[in-house]
Amino acid sequence: MRPRLLERLAMCLVAVVGTVLNLVQKLPCTVSEPPGVPRVAYVSQYACWSDVAAIWNHRQLGEHLFPYVTGTYGGDPPVLGGGSVEYPTLTGIWIWATALPADSAKQFLVVTALVAAVLVVLVTLMLARIAGRRAWVFAATPPVMLYAVYNWDLLPVLCTVAGLLVATRAPGRWPPLLRWGLAGAAFGAGGAFKLYPLMFLAALVLAAVLDRDTADAPDDRPPGGPGRYRRAAVALGSGLAVVLAANVPFALVNAEGWWSVVEYQAQRPIDSSTLSIWYYGLLPWSSDPASPFQDTMATLATVSTAVGLLAVLVVAVVLGVRTGRTPWVQASAAMLCVYMVCNKVDSPQYVLWLLPFFVVLRLGGWWIAAYLVTDVALTTGFFRNLYYSALGVTGGTWALQLFTAAIWIRAVLLVVFVVRFLRAPVAPRPGIPRRRDDRSRSAAPDRDGEVLSAAPGPEVPRTIGVDPAG
């Protein structure tokens with residue numbers, strides 16, 4: 001058996017073991033706590049909270065109601081009911097489908113973990129196809145062991161990696177427009193699971209419009225041409241088609257149930273559980289979830305996120321116009337960092353969103369290690385601080401200090417990553433050694449702007465909007 005195949009099998013095995021460990025760690029929260037022990041103390045002592053187990057009871061999944069079609073949102077305080085869950089439609093369907101064979105929160109968690117094991121294998125194999133042994137960063141680091149069954153974030157991660165794979169490592173025999181369309185559809189599917197991959201679709205469409213091709217003979221000719229607009233339309237159209245197909249039927253059948261997700265997320269307060277810089281940076285004003293100051297924080301989060309995303313896209317446009325090759329993968333990673341640091345929620349499992357870009361882009365091992373260590377410290381400090389608080393311990397415990405420091409170190413790292421991601425090269429093709437003069441190698445673009453790698457080998461991959469020298 002070839003060494004590369006053995007290594008990929010080892011990656012998959014490690015990722016599955018990490019998923020199983022996460023399941024074992026979450027199972028205690030599916031049983032009743034001992035008598036006389038407050039629920040919050042029990043959960044935080046073992047850090048076994050997961051949205052998967054919690055949502056089984058909170059959203060009546062045992063009734064197996066098809067999501068959204070009879071959904072409601074209302075009451076005082078308002079709650080979701082009738083089959084609605086607080087996630088976009090494809091995630092809601094996925095939750096409903098995986099809940100069908102389950103009769104308890106424990107069974108539902110086990111089924112979710114079994115499916116998650118398949119997802120981590122698929123993601124690992126695709127990342128290995130893109131960047132070779134750098135896929136170990138996904139398979140063997142703490143996030144899989146901590147968050148594989150914390151929520152359903154592996155679903156948009158899978159779609160993100162699928163889009164990156166099609167765009168950067170698709171076989172050369174595939175028609176260019178097919179690759180643009182499949183990449184756009186993958187990001188659209190990710191957006192129908194969780195919204196954030198739609199940012200990557202925007203960056204991909206920019207690359208479609210701006211990247212030079214052989215029709216633009218002088219390199220200084222302004223971007224344009226029917227070929228570019230055609231591939232942009234294909235990428236954008238395929239992505240939007242998936243989003244519309246996943247949402248329009250529900251909106252037509254029961255607009256209230258479909259819209260309940262938007263209402264729930266819009267009205268979600270910024271509190272200590274959101275792990276947001278807005279809450280911890282604006283204390284004590286942010287401590288009251290019913291205060292009008294919640295609206296101020298929500299506005300700050302929305303405006304800063306929009307401005308940050310727009311700024312990254314402007315930089316990508318400038319670089320695309322100047323060089324003829326839009327760094328859309330880098331811009332996607334940078335926008336993700338903006339979203340995580342500026343949005344009103346930065347849940348701990350969001351680190352899974354970043355892992356594919358840690359693999360695909362050459363950020364640097366020390367930066368990656370710093371972020372992963374900070375994430376572990378944040379999660380440890382958060383749950384331990386909750387445990388001490390449940391026991392009535394007041395004052396500045398080590399857990400509170402660790403948690404507070406991690407919140408701000410993570411925020412600083414994300415801001416730094418915005419810049420570093422925009423400057424990071426794409427990881428080289430597996431099996432092709434990186435040379436000092438890689439950046440000076442020439443590459444011949446095909447008629448739709450995809451670049452043929454100058455690297456030798458039996459298969460010459462075509463990439464969308466990626467510098468082959470990277």
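**Exercise 1. Describe the protein as a whole, beginning with its accessible surface.**

Solution. The protein exposes about 20000 Å², and carbon and sulfur atoms supply 67% of that area. This is a predicted model, and its secondary structure comes to 18 helices and five strands. Turning from the surface to the interior, buried residues make up 53% of the 470 residues in the protein. As for the contacts with a separation of 6 or more, 73% of them are accounted for by residues 24 or more positions apart.

**Exercise 2. Find the residues that make the nonpolar surface patch of about 460 Å², and decide whether Leu-252 is buried or exposed.**

Solution. The first step is to list the members of the patch, which are Leu-236, Leu-240, Leu-244, Val-248 and Leu-252. The next step is to place Leu-252, which is found in helix 11, a helix that covers residues 226–253. The last step is to apply the cut-off: exposed means over 50% relative accessible area, and Leu-252 has 70% relative accessibility, so Leu-252 counts as exposed.

**Exercise 3. Work out which parts of the chain are linked by the salt bridge between Arg-133 and Glu-7.**

Solution. General background comes first: side chains of opposite charge can pair when their charged atoms come close. The structure holds five salt bridges, and in one of them the side chains of Arg-133 and Glu-7 meet at 3.6 Å, N to O. Arg-133 sits in the loop between helix 5 (105–131) and helix 6 (136–139), while Glu-7 belongs to helix 1 (residues 3–26), so that the pair links distant parts of the chain, 126 residues apart. Arg-133 has a relative accessible area of 60%, and is therefore exposed.

**Exercise 4. Determine where Glu-86 and Arg-59 lie, and whether each is buried or exposed.**

Solution. The side chains of Glu-86 and Arg-59 meet in a salt bridge at 2.8 Å, N to O. Because Glu-86 lies in the loop between strand 2 (79–81) and helix 4 (89–99), and Arg-59 in the loop between helix 3 (51–58) and strand 1 (72–74), the pair ties together parts that are 27 residues apart in sequence. Buried means under 20% relative accessible area; Glu-86, at 11% relative accessibility, therefore counts as buried, and Arg-59, at 12%, counts as buried too.

**Exercise 5. Carry out the analysis for Asp-346 and Arg-410.**

Solution. Asp-346 forms a salt bridge with Arg-410, and the closest N and O atoms are 3.3 Å apart. The pair links distant parts of the chain, 64 residues apart, since Asp-346 is in the loop between helix 15 and helix 16 (351–360) whereas Arg-410 is in helix 18 (residues 398–423). Asp-346 is buried, with a relative accessible area of 4%, and Arg-410 is buried with a relative accessible area of 4%.

**Exercise 6. Build a picture of the surroundings of Gln-330.**

Solution. Begin with its place in the chain, which is helix 15 (residues 328–342). Gln-330 has a relative accessible area of 10%, so this residue is buried. Leaving aside residues up to four places away in sequence, Gln-330 touches Leu-361, Phe-421, Leu-422, Ala-424, Pro-425 and Val-426. With Ala-424 there is a further detail, because the side chain of Gln-330 reaches the backbone oxygen of Ala-424 at 2.9 Å, a separation within the 3.5 Å that a polar contact allows. Finally, Gln-330 and Val-312 are 18 residues apart in sequence, and their C-alpha atoms are 9.6 Å apart in space.

Notes
Residues numbered from 1 in each chain as written. Predicted model: local features only at pLDDT ≥ 70, side-chain atom pairs only at ≥ 80, totals over all residues. Heavy atoms only, no water. Patch = residues over 30% accessible without salt bridge, like charges linked within 9 Å, V, L, I, M, F, W, Y side chains within 5 Å. Areas by Shrake-Rupley, 256 points an atom, 1.4 Å probe, with all protein chains shown as cover. Salt bridge = Lys/Arg side-chain N within 4 Å of Asp/Glu carboxyl O. Helix = DSSP H or I, 4+ residues; strand = E, 2+ residues; numbered from the N terminus. Buried < 20%, exposed > 50% of the residue type's maximum accessible area, 1.4 Å probe, protein only. Contact = heavy atoms within 4.5 Å. Polar contact = N/O pair within 3.5 Å; in protein donor to acceptor, adjacent residues only side chain to side chain.
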